[in-house]
Amino acid sequence: MKEFLADKITQLKPSGIRKFFDIVATMKDVISLGIGEPDFATPEPIIRAGIKSLEMGETHYTSNQGLIKLREAVADQIHKLYGVNYDPATEILMSVGVSEALYLIFTAILDPGDEVIIPNPCFVSYQAEVDLAGGVAVEIPTFMKDNFEPEPDLIERAITPRTKAIFIGYPNNPTGAVASRETLLRIAEIAEKHDLLVISDEIYDRLVYGVEHICFPSLPNMRERSVLLGGFSKAYAMTGWRIGYVAAPAHILQGLVRIHQYTVMSAPTVSQYAAIEALRVGEPYVQQMLAEYDRRRKLIVKGFNRLGLDTFEPKGAFYAFPKVSNCGLSDEEFCDRLLKEAGVAMVPGTAFGAAGAGFARASYATSYEKIEEALQRIETFLKKNTCQ
Ligand SMILES: Cc1ncc(COP(=O)(O)O)c(C=O)c1O
């Protein structure tokens with residue numbers, strides 16, 4: 001038979017995370033520090049709002065952009081937190097998570113060969129979505145010595161006549177880095193000078209530890225040249241509901257709506273009702289979960305550093321990114337052996353881009369007790385392999 005799949009699909013690399021978790025799924029007694037989602041259940045009132053909407057018969061499509069009441073609530077929240085105004089009628093789209101939003105934005109802006117500059121290590125979908133849209137992802141490295149913040153000069157040097165956008169994702173998955181105002185202002189200056197769009201994935205905006213999250217479109221002159229991606233998955237523990245949003249100037253957003261209406265029609269209706277409730281009553285739950293993540297963050301960072309795995313103190317999200325190259329193993333070998341010999345799952349840094357080489361991602365969206373046990377297992381593993 002003929003090869004039916006398109007070249008762009010057969011050439012698409014499988015996610016380094018998936019590959020790893022296929023192995024984890026076959027093993028018993030594994031402590032997983034690999035999962036990129038909250039271990040908490042969605043807060044009760046949010047679940048109840050979803051159930052109530054179903055009972056009330058809200059089981060139909062919504063408008064393509066999403067329920068206007070939800071778009072108004074999202075616009076209010078962005079304004080309240082960051083002082084940026086978006087018109088709910090034309091400038092907000094409810095998407096099937098930030099995942100769909102990534103597909104929409106790259107498909108909407110990229111002609112074949114157009115380039116997007118992406119600092120890495122970064123979330124695995126960015127590059128894949130650029131590839132799928134026919135664009136070229138230009139990766140620039142970030143370094144532990146810079147707290148994994150992007151280096152604006154490297155961004156500027158990567159610009160070519162084909163560059164269309166700079167993509168940033170802070171707080172960052174996998175490093176936990178938060179970009180400072182100074183860095184973001186430099187990126188804003190570069191975007192303006194070279195007339196580029198900035199796409200900012202701020203899905204972890206609410207998960208920061210004692211530092212300020214700066215919403216990129218809130219910077220001077222940036223609202224008009226940026227696309228803000230946000231969601232409910234992380235802060236409200238709502239990964240399975242598949243709900244997120246895009247906020248952007250109307251002339252850009254309406255391009256995304258055109259693709260969205262043909263691909264998914266509208267985000268899940270039940271999740272839209274739940275999201276309204278999340279914005280209405282969710283804040284105390286966000287704060288509770290944040291306090292618990294912070295407790296675990298301190299434990300894991302201290303633990304890794306004590307074991308000789310140099311770890312930058314993450315300021316956001318729920319990941320630690322220790323350096324694991326001391327044993328003379330590659331990050332892939334380290335994670336592979338740690339899983340098989342110690343029953344602890346971490347994700348090799350190279351799954352997040354070349355600049356992740358020598359590091360591994362450990363999620364602390366797992367219980368305090370499990371993190372303690374994982375650290376003990378890692379200690380035994382390191383001793384056995386004379387890494388300490
Ligand atoms: C940085 C980042 N962006 C986007 C996503 C996808 O989020 P959603 O559940 O909204 O599709 C993730 C999920 O891990 C992520 O880490």
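**Figure 1. Ser-53 in helix α3 of the predicted model.** Ser-53 has a relative accessible area of 4% and is buried. The helix that holds Ser-53, α3, covers residues 44–55. Apart from neighbours up to four places away in sequence, the contacts of Ser-53 are Glu-58, Val-270 and Tyr-273.

**Figure 2. Ser-271 in helix α10.** Helix α10 runs over residues 269–281, and Ser-271 is part of this helix. Is Ser-271 buried or exposed? Its relative accessibility is 2%, so Ser-271 counts as buried; the limit for buried is under 20%. When residues up to four places away in sequence are not counted, Ser-271 touches Trp-241 and Ile-243.

**Figure 3. Pro-152 in helix α7 and its surroundings.** Pro-152 belongs to α7, a helix made of residues 152–157. With a relative accessibility of 9%, Pro-152 counts as buried. Which residues does Pro-152 touch, not counting those up to four places away in sequence? They are Thr-183, Arg-186 and Ile-190. The view also takes in Ala-188, which is 36 residues from Pro-152 in sequence. In space, the C-alpha atoms of Pro-152 and Ala-188 are 9.6 Å apart.

**Figure 4. The contact of helices α5 and α9.** Helix α9 consists of residues 250–263, and its axis comes within 9 Å of the axis of α5. The two axes cross at roughly 115 degrees, and the crossing of α5 with α9 is right-handed. On the α5 side, the residues that meet α9 are Glu-100, Tyr-103, Leu-104, Ile-105, Thr-107 and Ala-108. On the α9 side, they are Ile-252, Leu-256, Ile-259, His-260 and Thr-263. How many residues of this contact are nonpolar, polar and charged? Seven are nonpolar, three are polar and one is charged.

**Figure 5. Two aromatic pairs that link distant parts of the chain.** In total, the structure contains 16 aromatic pairs. One of them is formed by Phe-106 and Phe-167, with ring centres 5.7 Å apart and planes at 40 degrees to each other. This pair is tilted, because an angle that is neither under 30 nor over 60 degrees counts as tilted. Phe-106 lies in helix α5 (residues 97–109), while Phe-167 lies in strand β5 (residues 163–168). These two residues are 61 residues apart in the chain, and both Phe-106 and Phe-167 are buried.

A further pair joins Phe-321 and Phe-359, at 5.2 Å from centre to centre. Here the angle between the planes is 5 degrees, and the pair is stacked. Where do Phe-321 and Phe-359 lie? Phe-321 is in the loop between β9 (319–320) and α12 (331–342), and Phe-359 is in the loop between β11 (347–348) and β12 (360–363). The separation of Phe-321 and Phe-359 along the chain is 38 residues. Phe-321 is buried, and Phe-359 is buried too.

**Figure 6. An aromatic cluster, and a charge over a ring.** Five residues, Phe-40, Tyr-204, Tyr-293, Phe-318 and Tyr-319, make up one aromatic cluster. A second panel presents Arg-295 and Tyr-368. The charged end of Arg-295 sits over the ring of Tyr-368, at 4.1 Å from the ring centre.

**Figure 7. Two cis peptide bonds that lead into prolines.** The bond from Asn-120 to Pro-121 is cis, and its omega is near 10 degrees. Pro-121 sits in the loop between β3 (115–120) and α6 (125–132). The bond from Tyr-170 to Pro-171 is also cis, with omega near -5 degrees. The loop that contains Pro-171 lies between β5 and α8 (181–193).

**Figure 8. Asn-147 and Ala-237, two residues with positive phi.** Asn-147 is not a glycine, yet its phi is positive, near 55 degrees. The loop between β4 (136–141) and α7 contains Asn-147. How does Asn-147 count at 40% relative accessibility, and why? Asn-147 counts as partly exposed, because 40% falls between the limits of 20% for buried and 50% for exposed. Ala-237 is likewise a residue other than glycine with a positive phi, about 55 degrees. Its place is in the loop between β7 (226–231) and β8 (244–247). Ala-237 has a relative accessible area of 6%, so Ala-237 is buried.

Technical notes
Residues numbered from 1 in each chain as written. Predicted model: local features only at pLDDT ≥ 70, side-chain atom pairs only at ≥ 80, totals over all residues. Heavy atoms only, no water. Phe/Tyr/Trp six-rings, centres within 6.5 Å; stacked < 30°, edge-to-face > 60°. Helix = DSSP H or I, 4+ residues; strand = E, 2+ residues; numbered from the N terminus. Buried < 20%, exposed > 50% of the residue type's maximum accessible area, 1.4 Å probe, protein only. Lys NZ or Arg CZ within 6 Å of the ring centre and 35° of its normal. Axes fitted to C-alpha atoms, helices over the stretch in contact; angles between N-to-C directions. Left-handed = near helix turned anticlockwise from the far one by under 90°. Contact = heavy atoms within 4.5 Å. Nonpolar A, V, L, I, M, F, W, Y, C, P; charged D, E, K, R; others polar.
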